[in-house]
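Got your viewer open? Let's take a short walk through this one, one selection at a time.

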Amino acid sequence: MSYAEETSKRRTFAIISHPDAGKTTLTEKLLLFGGAIQTAGAVKSNKIRKSTSSDFMEIERQRGISVATSVMGFEYNDLKINLLDTPGHKDFAEDTYRTLTAVDSVILVVDCVKGVEEQTEKLMNVCRMRNTPVIVFVNKLDREGKDPFELLDELEMKLNIRVQPLSWPISMGMSFKGVYNLFNKSLRLFRPGGVTVAEDVLAITGLDDPVLDQQLGDYALKLREDASLIEGAYEPFNVERYLDGKLAPVFFGSAINNFGVKELLDTFTRIAPPPLGRPSNVRTVTPDEKNFTGFVFKIHANLDPRHRDRIAFLRICSGRFERNKMFHHVRLDKNIRFNSPASFLGQRKSIIDEAFPGDVIGLYDTGNFKIGDTLTEGENLQFQGIPAFSPEIFKELVNLDPGKSKQLAKGIEQLTDEGVAQLFTQQQGNRRIVGTVGELQFDVIQYRLEHEYNAKCRFMRMDIHKACWFTAEDPKVIEKFCQYRWDRIARDKDGNLVYLAETAWIIKSLQQDFPDIRFHYTSEFKREMQETG
Ligand code: G4P
């Protein structure tokens with residue numbers, strides 16, 4: 001197969017949802033369709049259950065599972081589909097944000113009873129930052145949920161994107177009858193129990209077909225009313241607007257009953273984009289470029305403390321990756337070869353000889369990689385768009401064993417390279433400040449520092465609302481600001497200046513006092529600045 005054919009065959013995506021909406025269940029059904037697993041129940045949820053408070057063994061076990069399910073490849077409709085898993089737990093949201101930089105599209109699962117939830121909104125904000133195409137799957141139609149029109153309004157309002165239903169539910173809960181496919185005008189009847197057989201799809205001539213009345217009784221009338229409302233409200237589905245990230249098609253179904261999943265997958269394979277270009281500091285690298293490039297978006301440490309190796313997950317952006325070929329690690333300015341790169345099929349991991357744009361491969365690493373690192377065939381370019389967002393919880397790292405300060409320094413350095421948390425250092429007092437999006441990470445860090453680096457620490461909560469990166473045209477303005485707020489200035493791991501703001505109000509008032517300073521809420525400010533001129 002030619003390089004162009006290999007590339008155009010790939011579809012790389014993630015499923016995102018608020019915990020419990022049905023992401024794991026849907027993943028499993030998709031893998032069943034793709035033949036990557038044979039039995040239901042094979043995919044373990046990698047979510048850390050809400051009840052788990054500081055249960056390290058549980059965290060470790062879950063981390064183990066999430067390595068296995070980080071990338072799930074399967075074939076369907078002659079396409080090679082790479083499904084990237086995202087952690088369900090909100091404390092690991094940063095991990096999810098980074099994974100979203102490595103996909104080309106997203107399926108968003110919403111629970112029809114709960115509607116759009118907090119985590120869904122946050123994840124969609126990240127998708128909108130790079131106009132990622134989104135398909136929405138409204139799940140759990142076998143339950144009494146919100147009215148579908150109300151759900152569509154809620155999706156539009158809370159997710160700030162236009163939506164368009166491509167299928168329509170006929171009642172829900174106890175009286176759920178099935179879905180009408182507005183696109184190809186067919187009717188799929190609901191049979192609880194998880195098997196969708198071809199006979200369940202009824203080809204009908206249109207909404208006037210008497211088969212509807214035979215099959216649906218009184219519900220046929222309601223369906224006709226709903227369908228005419230929808231037809232009046234929407235123009236024919238425009239795939240370009242979906243690809244631009246402006247319009248999200250919506251499907252209704254029930255993942256646990258395997259209902260509506262095939263429609264979703266069939267439409268996904270028809271409209272989801274093949275590998276897309278990725279911005280770098282030099283140019284947008286497109287997948288038709290023959291020279292290899294890729295970037296690391298996730299690092300996973302080995303669970304066994306005797307083996308310090310880690311797996312770095314690399315998204316290939318262009319060219320062909322080959323086993324044992326020398327590639328250039330741009331940040332370290334060093335050439336490295338990989339003799340056992342891994343790919344993932346279902347839940348099996350195997351060594352591969354080659355991989356193509358859109359693929360995600362696992363590279364065994366002994367400490368060379370940091371999140372965001374770029375590999376090339378020699379060119380000095382750095383991929384962008386893997387932002388660090390301001391953490392929400394900040395604590396000072398306190399060393400409890402002065403004899404082990406080297407181990408502690410190395411440990412925290414490596415753990416933050418992995419992206420477990422962000423590290424800020426303050427020259428005054430040599431303070432190390434760890435920022436995370438959730439409390440759970442502090443437990444993980446403390447545990448791993450002790451077990452993997454033999455270093456003991458504790459954390460002291462700090463009163464910080466946000467970490468804002470800041471810039472100004474004139475270095476004198478920066479200097480003045482640093483002097484004025486010296487006790488609140490730190491540097492991130494890349495040496496960028498960060499202001500550790502007490503409250504949102506103080507940021508506002510400082511902005512008035514220092515109009516030439518620009519505050520940024522993600523570390524991507526350099527790109528933001530290029531884009532805004
Ligand atoms: P998540 O990964 O998004 O967190 O959700 P997950 O798939 O684990 O699903 C959350 C719960 O919702 C599970 O129940 C799952 O069985 C259920 N679920 C998923 N799809 C549907 C659906 O279409 N209809 C209904 N009624 N339920 C659905 P659980 O009791 O939390 O877990 P389990 O014991 O069933 O595994």
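Start by selecting K140 along with the ligand: a polar atom in the K140 side chain sits 3.0 Å from a ligand oxygen atom. Bear in mind as you look that this is a predicted model, not an experimental one.

Next, click on D20. This time look at the backbone rather than the side chain, since a backbone N or O atom of D20 is 2.6 Å from an oxygen atom of the ligand. Then hop over to A255, where a polar backbone atom lies 3.1 Å from a ligand oxygen. How much of the ligand's accessible area does the protein cover? On its own the ligand has 700 Å² of it, and the protein covers 70%.

Now widen the selection to everything around the ligand. You should get 17 residues, and the closest are D20, K23, T24, T25 and S254. Try colouring this shell by class: 7 residues are polar, 6 are charged and 4 are nonpolar. Which helix gives the shell its largest share? Select residues 23–33 and you have it: that's helix α2, which supplies 3 residues.

Last stop: colour the protein chain by pLDDT. The mean is 86, and 88% of the residues reach 70 or more. Zoom in on residues 46–54, though, and pLDDT stays under 50; the model still gives this stretch 20 contacts beyond four places in sequence. Residues 528–533 are also worth a click: pLDDT is below 50 there too, with 7 contacts in the model beyond near neighbours in sequence.

Note on methods
Residues are numbered from 1 along each chain as its sequence is written. This is a predicted model: local features need pLDDT of at least 70, side-chain atom pairs count only at pLDDT 80 or more; totals for chains, interfaces and linings use all residues. Side-chain values use heavy atoms; hydrogens and water are left out. A residue is near a molecule or strand if one of its heavy atoms lies within 4 Å of it. A polar contact is a pair of N or O atoms within 3.5 Å; within protein, one must be able to donate a hydrogen and the other to accept it, and residues adjacent in sequence count only if both atoms are side-chain atoms. Accessible areas come from the Shrake-Rupley method with a 1.4 Å probe; for residues, only the protein chains shown count as cover. Helices (H or I, at least four residues) and strands (E, at least two) are DSSP runs, numbered from the N terminus. Ala, Val, Leu, Ile, Met, Phe, Trp, Tyr, Cys and Pro count as nonpolar, Asp, Glu, Lys and Arg as charged, and the others, Gly among them, as polar. pLDDT is the predictor's confidence in each residue, from 0 to 100. Contact means heavy atoms within 4.5 Å.
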